[in-house]
Each structure stands twice: as structure tokens, then as C-alpha cells.
Amino acid sequence: MRILILGGTREARELADIASGERGYEIVSSLAGRVREPVLPVGRVRVGGFGGVDGLREWLGENGIDAVVDATHPFAGGITANAALAAADAGLPVLHVRRPGWREEPGDSWIRVPDLKTAAEAVAGLGDRVFLTIGRQGVAAFAEAGQWFLIRAIDPPEGAVPARHELLLARGPFALADEIALLRAHRIDVMVTKDSGGALTGAKLTAARSLGIAVVVIDRPALPEGAHQVETVAAAWDWLRQLGSGESAGGFE
Ligand code: NAP
């Protein structure tokens, strides 16, 4: 079976690693090409957009793909929607792998918001020194804000940025002690994060809790209606194994 894994996440790399080592599975991983020096999965990798739903559907046919695993980031809503539509058009099974979101714990002070625009409005009343840890995409939503921002991302943001800011280029995982030290050193009043979930970048939330710092948490976009979803790489591999054995694994939308 030839499987397309839409990637850019640790889960996508782990699944490619597992499936590539098994007889009967040929994996092609796809990256958007946003990160300058991406961590590459094992096996065949292609980079760059497909050209919308039509482009992806054509690519699936031309490359003899049997099933699609969308293991993109929980906030990559565009490619997720495209994957669901293109796979349905092509009559292929599709699975969405979404790690669980973070959960508020006792001692947390979270404000949940639906999108970046609302997040920018929410930080206005929460202090002057903001830790913006939403990746490099979306920083422009804060460009008009009057506060000082510490912006952490893997690569520099493109487009408008807040007038008062410092840029910190870094890639997780981040250790708790380092996160606490960072928040202290920059005298952070409020943090803004996407609800990305996962352990690689979760320490910042524990750090905020221990220092009593408010966190604005941006909710995930919804998955396409009727999407077949699993939370773990193990469950995704089960799904692929069932497909390979000819059992119905679900996910034909
Ligand atoms: P997006 O808004 O959902 O996608 C925009 C367009 O980028 C898609 O329509 C598609 O172009 C192309 N694209 C996205 N992911 C692709 C992939 N894996 N392979 C080929 N083309 C892809 O996505 P995004 O938020 O820009 O994220 C891009 C990638 O970065 C994703 O693979 C995601 O896993 C990763 N990532 C995203 C975030 C985040 O917060 N959004 C964080 C970490 C990593 P065409 O329409 O031309 O096919």
C-alpha cells in the first residue's frame, strides 16, 4: 500500500518511521515547506503545496496513493480540509491524527479564545509584557497592539510585527526550568499560545502556572464534519494495519 502522510509534526515522523519499516507499506511524507530547516521523516519526502483540493486529488491519482493520513499540526486547518475533500473525491480512506489538546489544571489562569484576533483583544487588559508563542504565522494579528512582546518561533515571522518586541528564534523541546527562567528574565505578565497539545512545548504552561501568569489559549479549528480521527501514533498505525489486512478501518468519508 502506498500511503501519503501529510506531515510537519512529530506524530507524522513517528508514523513514517514505524510504517516504513513494515513490509507492504510504502510511505510518502509531505511537508508544506514553511520551516527553513525542517526535521525530516525517514523515507520519501516531497515538499510544497499541491495546489488546493484539485491539485491534491490529481497528485493522489498520479502517484497511486491508496490512503491518506493527515498528521498535520492541529492548527493547519487548510490542508486538513483539503485532504478530507480530495480523498473523498478520489474514493480514498483518510485518517486525521490529532494529539489531545492541553487541559487547564488547578492553579492555571487561562482565558480561552476562538481565534488570533480575539487573542489580541484579550491580552490588552492583562499586562504590558507578553510572551507570544504561537509560531511565526499569525504574529501580524498582534501588530497593532501597544504592549511589549517576546516573540518565540522557529523562523522569523513574515509581515507586520508589534512595534515593541524582541524575537527569540528557538525550536522545542523546552525544559521547565528554562521556561521559568525565560518568563522571569523577561518579566512576562501574560502568555499567548495555541492549544497545540503535546509534550514538546507543554512546559511553558506549567511554568506559567508556577509563576501565576495568565495564559490566553487559542482554541483549535474544528475538523471537517464526519472526519475519522485518532489521537495517537499507535492508533494511526492500527488503522493502517487494518487497511493493509483488508479489514474495514473506517474513514471512508
Ligand atoms: P494550512 O494553513 O492548513 O495550509 C495552507 C496550505 O499550505 C495548504 O492549502 C497547502 O497548500 C499547504 N500545506 C500545508 N501543509 C502541507 C503539507 N503537509 N504538505 C503539503 N502542503 C501543505 O497549514 P499551515 O498552518 O500553513 O501549516 C503548514 C505545515 O506546517 C503543516 O504541514 C503543519 O503540520 C505544520 N505546522 C503548522 C503549525 C501551525 O500552527 N499552523 C505549527 C507547526 C507545524 P496547497 O493548497 O497548495 O496544497
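**Notes on the predicted model: two sheets and a ligand**

1. Let me start with a pairing: leucine 132 has isoleucine 151 of β8 as its bridge partner. This is a predicted model, so read everything below with that in mind. Also in β8, phenylalanine 149 is the bridge partner of valine 130. Overall, β7 (residues 129-133) and β8 (residues 148-153) run parallel and are joined by four bridges.

2. On to the pairing of β7 with β10. These strands are parallel too, with four bridges between them. One pair to click on is phenylalanine 131 with methionine 191, its bridge partner in β10.

3. How many residues of β7 are buried? Five of the five are, so the strand is largely enclosed by the rest of the structure. Both faces are covered: Val130 and Leu132 are buried on one side, and Arg129, Phe131 and Thr133 are buried on the other. I'd colour the strand by accessibility to see this.

4. Zooming out, these strands belong to an open sheet of six, with parallel pairing and the order β6-β11-β10-β7-β8-β9. Its edge strands are β6 (110-113) and β9 (165-169), and each of them pairs on one side only. On average, neighbouring strands in this sheet are turned by 20 degrees against each other, ignoring direction.

5. Which helices lie across this sheet? Helix α5 (residues 176-185) lies across β7, β8, β9 and β10 (190-194), and its angle to β8 is about 155 degrees. Helix α6 (residues 203-211) lies across β6, β7, β8, β10 and β11 (214-218), running at about 155 degrees to β10.

6. Arginine 152 deserves a look. This residue sits in strand β8. Is arginine 152 buried or exposed? Its relative accessibility is 6%, and the cut-off for buried is under 20%, so arginine 152 counts as buried. Its side chain makes a polar contact of 2.8 Å with the side chain of glutamate 179. Setting aside neighbours within four places in sequence, arginine 152 is also in contact with residues including Phe131, Leu132, Thr133, Leu168, Phe174, Leu182 and Lys204.

7. There is a second open sheet of six strands, again with parallel pairing, in the order β3-β2-β1-β4-β5-β12. β3 (44-47) and β12 are at the edges with a single partner strand each, so one side of each has no neighbour in the sheet. Within this sheet, β1 (residues 2-6) pairs with β2 in the parallel sense over five bridges. For a concrete example, take isoleucine 5, whose bridge partner in β2 is serine 29.

8. Helices lie across this sheet as well. α3 lies across β1, β4 (67-70) and β5 (94-97), at about 160 degrees to β5. Helix α7 (residues 233-244) lies across β1, β4, β5 and β12, and runs at about 175 degrees to β4.

9. Now the ligand. Which residues come nearest to the ligand? Of the 23 residues around it, those are Gly7, Ser30, Arg34, Phe50 and Lys194. Backbone atoms feature in several polar distances. A polar backbone atom of glycine 7 is 2.6 Å from an oxygen atom of the ligand. For phenylalanine 50, a backbone N or O atom lies 2.6 Å from a ligand oxygen. With glycine 77, the distance between a polar backbone atom and an oxygen atom of the ligand is 3.4 Å. The ligand taken alone exposes 800 Å², and the protein buries 78% of that.

10. Where does the shell around the ligand come from? The elements giving two or more residues to it are β2 (26-31) and α3 (77-90). The largest share, four residues, is from α3, the helix that lies across β1, β4 and β5 in the second sheet.

11. Last, a loop residue. Leucine 223 is in the loop between β11 and β12 (229-230). With a relative accessible area of 23%, leucine 223 is partly exposed. Not counting residues up to four places away in sequence, leucine 223 touches Thr80, His96, Arg98 and Gln229. Arginine 98 is 125 residues from leucine 223 along the chain, while their C-alpha atoms are separated by 9.4 Å.

Terms used. Residues numbered from 1 in each chain as written. Predicted model: local features only at pLDDT ≥ 70, side-chain atom pairs only at ≥ 80, totals over all residues. Heavy atoms only, no water. Pairing = 2+ DSSP bridges. Axes fitted to C-alpha atoms, helices over the stretch in contact; angles between N-to-C directions. Contact = heavy atoms within 4.5 Å. Buried < 20%, exposed > 50% of the residue type's maximum accessible area, 1.4 Å probe, protein only. Polar contact = N/O pair within 3.5 Å; in protein donor to acceptor, adjacent residues only side chain to side chain. Near = heavy atom within 4 Å. Areas by Shrake-Rupley, 256 points an atom, 1.4 Å probe, with all protein chains shown as cover.
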